[in-house]
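Open the model in your viewer and keep the sequence panel within reach. We will go from stop to stop, with a selection to make at each one.

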Amino acid sequence: MDLKSKLREVPDFPKEGINFIDITTVLQDAEALKQCIDQMTQEVKSFGDFDMIVGPESRGFIFGTPIAYTLGKGFAPIRKKGKLPYKTIGVEYELEYGTDTLEMHIDAIKKGDKVVIVDDLLATGGTTQSNIKLVEQLGGEVVGIVYFIELSFLNGREKLKGYEVKSIVQY
Ligand code: PRP
Ligand code: MG
């Protein structure tokens, strides 16, 4: 199945000039969802052995957890400031206006863990850059990053030089 044909493009969302790629049309289609998770799982496996999947709130949870489950690994969430209940570390990241903070529990991964980061979409790469910082501050090693969708024209990979990056659908 051509997964790209199952994605919905919504013009002018969340604001004029942005062509939003809507993943819900894939999620709600049982066959497309299965194929998407299966393909992403294969990409994760291509990095070799690893210990944990890490995924950022909120769409990273949708894809990261079933892949972790399928491969018999744990899943560690990255959340926006103030959502995680235990001790956290945080990194600031740039938004269009101002900054926000992403956090991870200090014991979410162990020192030396090999980590794969999973998210729905690579756009500018800013989110993933922050995710990498969090994992590395906790002593983890990012052995690969897998996305469902990559917006190649935004050159997000430039920010991720030196890391293994895979995506299923490209624009
Ligand atoms: C979106 C998307 C990625 C990120 C990609 O998340 O799910 O995580 O943006 O953009 P970037 O490469 O420019 O950082 P968003 O922050 O909108 O939050 P959500 O997942 O909770 O919808
Ligand atoms: Mg997101």
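**Stop 1: a loop near the end of the chain**

Start by selecting Asn155, which lies in the loop between β8 and β9. This is a predicted model, so keep that in mind at every stop. Look at the backbone here: phi of Asn155 is near 55 degrees, a positive value in a residue that is not glycine.

Stay in this loop and select Leu160, which is also placed between β8 and β9. Is Leu160 buried or exposed? Its relative accessible area is 1%, so Leu160 is buried. Now show what surrounds Leu160: leaving aside neighbours within four places in sequence, its contacts are Leu122, Gly125, Thr128, Gln129, Ile132, Tyr147 and Val165. For a distance across the model, draw a line from Leu160 to Ile37: the two are 123 residues apart along the chain, and their C-alpha atoms are separated by 23 Å.

**Stop 2: helix α5**

One of those contacts of Leu160 is Thr128, so select Thr128 next. Thr128 sits in helix α5, which covers residues 126–137. Thr128 counts as buried because its relative accessibility is 2%, below the 20% cut-off. Which residues does Thr128 touch, leaving aside its neighbours within four places in sequence? They are Ile145, Tyr147 and Leu160.

**Stop 3: the two nonpolar cores**

Now colour the nonpolar side chains. The largest nonpolar core has 25 residues, and Met40, Val116 and Phe148 touch the most other members. At least two residues of this core come from each of α3 (30–45), α4 (59–71), β7 (114–122), β8 (141–150) and β9 (165–170). Helix α3 gives the most, with five residues.

Zoom in on Met40. Which residues is Met40 in contact with, leaving aside neighbours within four places in sequence? Select Phe63, Ile67, Val118, Asp119, Val146, Tyr147, Phe148 and Ile168 to see them. Apart from the largest core lies another, of 23 residues, with Leu122, Leu138, Ile145 and Leu160 among them. That brings back Leu160 from the first stop, now as a member of this other core.

**Stop 4: the loop between β1 and β2**

Move towards the start of the sequence and select Asp12, in the loop between β1 and β2. Phi of Asp12 is near 60 degrees, another positive value in a residue other than glycine. Asp12 counts as partly exposed because its relative accessibility is 46%, which falls between the 20% and 50% cut-offs.

Next, select Phe13 and Pro14 together. The peptide bond from Phe13 to Pro14 is cis, with omega near -5 degrees. Pro14 is found in the loop that joins β1 (8–11) to β2 (19–22).

**Stop 5: a cis bond before a serine**

Select Glu57 and Ser58. What is the peptide bond from Glu57 to Ser58, and what is its omega? The bond is cis, with omega near -15 degrees. As for its place, Ser58 lies in the loop between β3 (52–56) and α4.

**Stop 6: Tyr86 and its contacts**

Select Tyr86, in the loop between β4 (74–80) and β5 (88–94). With a relative accessible area of 44%, Tyr86 is partly exposed. Leaving aside neighbours within four places in sequence, Tyr86 is in contact with His105, Ile106 and Asp107. Then draw a distance from Tyr86 to Met104: 18 residues separate them in sequence, and 9.2 Å in space, C-alpha to C-alpha.

**Stop 7: the whole chain**

Zoom out and switch to a cartoon view. The chain has five helices and nine strands, in the order α-β-β-α-α-β-α-β-β-β-β-α-β-β. Its C-alpha atoms fill a box of roughly 40 × 40 × 30 Å along the principal axes. How does the radius of gyration compare with that of a compact globule? For 171 residues a compact globule would have a value near 16 Å, and the chain has 16 Å, which agrees.

Turn on contacts: among those with a separation of 6 or more, residues 24 or more positions apart account for 56%. Buried residues make up 42% of the 171.

Finish with a surface view. The chain exposes about 9,000 Å², and carbon and sulfur atoms supply 50% of that. Colour by charge, and you have 21 positive and 26 negative charges, whose mean positions are 4 Å apart.

Methods. Residues are numbered from 1 along each chain as its sequence is written. Chains are lettered from A and ligands numbered from 1 in the order in which they are written. This is a predicted model: local features need pLDDT of at least 70, side-chain atom pairs count only at pLDDT 80 or more; totals for chains, interfaces and linings use all residues. Side-chain values use heavy atoms; hydrogens and water are left out. Helices (H or I, at least four residues) and strands (E, at least two) are DSSP runs, numbered from the N terminus. The radius of gyration is taken over C-alpha atoms; the globule rule is 2.2 Å times the number of residues to the power 0.38. Buried means under 20% relative accessible area, exposed over 50%, partly exposed in between (1.4 Å probe, protein chains only). Contact means heavy atoms within 4.5 Å. Accessible areas come from the Shrake-Rupley method with a 1.4 Å probe; for residues, only the protein chains shown count as cover. Lys and Arg count as positive and Asp and Glu as negative; His and the chain ends are not counted. The place of a charge is taken as NZ of Lys, CZ of Arg, CG of Asp or CD of Glu. A nonpolar core is a set of buried Ala, Val, Leu, Ile, Met, Phe, Trp, Tyr and Cys residues joined through side-chain atoms within 4.5 Å.
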